[in-house]
Amino acid sequence: MNWYARRDLRKIHRWGAILIALPFLIVLVSGLFLQVKKEFGWIQPPTKQGIETGASVSFENVLSTAKTIPELEVTGWEQIDRLDVR
């Protein structure tokens, strides 16, 4: 094997190693960020606790409101599949 071929193979090997190392480094860095995300506010902002405003709606009020919408054809809780309460 002549000198030029070995030199070219070394260049190919070097660039191939860089191309393989890039995805590995991206996974490594993103994994580290996921491990420490709760410790740094710039990665994940701190969790905020909600405050109760005092305004609440009873489930009976929700049912009576649903009954007033003719397109829904609601007569009772049997027709309501799910309800999102926040």
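How exposed is Leu-25, in terms of its relative accessible area?

## Leu-25 and the nonpolar patch

In this predicted model, Leu-25 is found in helix α1, which covers residues 3-35. Leu-25 has a relative accessible area of 43% and is therefore partly exposed, since that class lies between the limits of 20% for buried and 50% for exposed residues.

Leu-25 also belongs to a nonpolar patch on the surface, which it forms with Phe-24, Leu-28, Val-29, Leu-32, Phe-33, Phe-40 and Trp-42, and these residues together have about 840 Å² of accessible area.

## The aromatic cluster

Among the members of the patch are Phe-33, Phe-40 and Trp-42, and these three residues form one aromatic cluster. The count of aromatic pairs in the model comes to four. In one of them, the rings of Phe-40 and Trp-42 have centres 6.3 Å apart and planes at 45 degrees, so the pair is tilted. Phe-40 is partly exposed, with a relative accessible area of 38%, whereas Trp-42, at 64% relative accessibility, counts as exposed.

## A pair between distant parts of the chain

Phe-59 and Trp-77 form another aromatic pair, which is edge-to-face, with 6.4 Å from centre to centre and 70 degrees between the planes. This pair links distant parts of the chain, as Phe-59 lies in helix α2 (residues 59-67) and Trp-77 in the segment after α2, with the two residues 18 residues apart. Phe-59 is partly exposed, with a relative accessible area of 46%, and Trp-77 is also partly exposed, with a relative accessible area of 33%.

Note on methods
Residues numbered from 1 in each chain as written. Predicted model: local features only at pLDDT ≥ 70, side-chain atom pairs only at ≥ 80, totals over all residues. Heavy atoms only, no water. Phe/Tyr/Trp six-rings, centres within 6.5 Å; stacked < 30°, edge-to-face > 60°. Buried < 20%, exposed > 50% of the residue type's maximum accessible area, 1.4 Å probe, protein only. Helix = DSSP H or I, 4+ residues; strand = E, 2+ residues; numbered from the N terminus. Patch = residues over 30% accessible without salt bridge, like charges linked within 9 Å, V, L, I, M, F, W, Y side chains within 5 Å. Areas by Shrake-Rupley, 256 points an atom, 1.4 Å probe, with all protein chains shown as cover. Salt bridge = Lys/Arg side-chain N within 4 Å of Asp/Glu carboxyl O.
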